[in-house]
Amino acid sequence: MYCCLGITKVLAKEIAPFNIRVITVLLGSFNTNMPNAYVVGNNPFPEAYKSTVAGLFLDYIESGKIVPKGDKDKAMKALYQLVVGEGFGAGKEKETFLPLGSEMIPRMTGVQEYLTHAKEVFGEITESVSQ
């Protein structure tokens, strides 16, 4: 996620003179056809990856147990409003990150807690290595 946000910020600065906006959208699960469109490749997933996060994620998708929590139409309306600066997006035209879906609240809270903890534990050393 941090990499995507960094790339978004750099790209946004690069293309701003052309009146183009860049927005990173972090999505939860939505009522789309994605679970049904999942296709297993011809080559089997390497055994060494089966118990990794990637392997477990692919197993979960393949299981058909995904229960979407979000409405894709509401999400697209929110994204549209942010892009054009209408409705909820009015006054938010400079924003470059849009989390969508109820699953994002606990994820953002977890990241916030993780970073707050790191700042408390390592803040002094973080500052001390500056020139």
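**View 1. Leu11 on helix H1 of the predicted model.** At 39% relative accessibility, Leu11 falls in the partly exposed class. Everything in these views comes from a predicted model. Look for Leu11 in helix H1, which covers residues 2-15. For a sense of scale, take Met76, which sits 65 residues apart from Leu11 along the chain. The C-alpha atoms of Leu11 and Met76 are separated by 22 Å.

**View 2. Thr8, a buried residue of helix H1.** Thr8 is also found in helix H1. Its relative accessible area is 7%, and because buried means under 20%, Thr8 counts as buried. What does Thr8 touch, once its neighbours within four places in sequence are left aside? The contacts are Val22, Ile23, Thr24 and Thr96. One of these, Thr24, belongs to the buried face of strand E1, which comes up again in View 4.

**View 3. Asn19 and its positive phi.** Move on to the loop between H1 and E1, and you reach Asn19. Most residues other than glycine have a negative phi. Asn19 is not a glycine, yet its phi is positive, at about 60 degrees. Is Asn19 buried or exposed? With 74% relative accessibility, Asn19 counts as exposed.

**View 4. Strands E1 and E2 side by side.** These two strands pair in the parallel sense, over 4 bridges. Two of the pairings are easy to pick out by name. Leu26 has Pro99 of E2 as its bridge partner, and Leu27 stands opposite Leu100 in E2. Side chains alternate along E1. Thr24 and Leu26 point to one face and are buried, whereas Val25 and Leu27 point to the other face and are not. E2 has two faces as well: Leu98 and Leu100 make up the covered one, while Phe97 and Pro99 make up the uncovered one.

**View 5. Val25, up close on strand E1.** Val25 lies in strand E1, residues 24-27. Its relative accessible area is 30%, which makes Val25 partly exposed. Which residues does Val25 touch, not counting those up to four places away in sequence? They are Leu79, Leu98 and Leu100. Leu98 and Leu100 are the covered face of E2 from the previous view. Phe45 is 20 residues apart from Val25 along the chain, and the C-alpha atoms of Val25 and Phe45 are separated by 28 Å.

**View 6. Asn31 and the residues it meets.** Asn31 sits in the loop between E1 and helix H2 (34-37). At 35% relative accessibility, Asn31 is partly exposed. Asp71 is 40 residues apart from Asn31 along the chain, but the C-alpha atoms of Asn31 and Asp71 are separated by just 5.8 Å. Leaving out residues up to four places away in sequence, Asn31 touches Pro68, Gly70, Asp71 and Lys72.

**View 7. Lys72 and Asp73, a salt bridge.** Lys72, already met as a contact of Asn31, has a charged partner of its own. The side chains of Lys72 and Asp73 meet in a salt bridge, with 4.0 Å from N to O. How many salt bridges does the model have by this rule? The count comes to 1. As for accessibility, Lys72 is partly exposed, with a relative accessible area of 33%. Asp73 is exposed, at 52%.

**View 8. Glu103, buried without a salt bridge.** Glu103 is placed in the loop between strand E2 (97-100) and H5. Glu103 is buried, yet has no salt bridge. The nearest side chain of opposite charge is that of Lys69, 5.0 Å away. The cut-off for a salt bridge is within 4 Å, so a pair at that distance is not counted. Lys69 still touches Glu103, and so do Gly28 and Ser29, not counting residues up to four places away in sequence.

**View 9. A nonpolar patch at the surface.** Finish with Val121, Phe122, Ile125 and Val129, which make a nonpolar surface patch of about 400 Å². Phe122 is a handy residue to centre on, with its place in helix H5 (residues 104-128). Its relative accessible area is 47%, so Phe122 counts as partly exposed.

Note on methods. Residues numbered from 1 in each chain as written. Predicted model: local features only at pLDDT ≥ 70, side-chain atom pairs only at ≥ 80, totals over all residues. Heavy atoms only, no water. Patch = residues over 30% accessible without salt bridge, like charges linked within 9 Å, V, L, I, M, F, W, Y side chains within 5 Å. Areas by Shrake-Rupley, 256 points an atom, 1.4 Å probe, with all protein chains shown as cover. Buried < 20%, exposed > 50% of the residue type's maximum accessible area, 1.4 Å probe, protein only. Contact = heavy atoms within 4.5 Å. Lys, Arg positive; Asp, Glu negative; His and termini not counted. Pairing = 2+ DSSP bridges.
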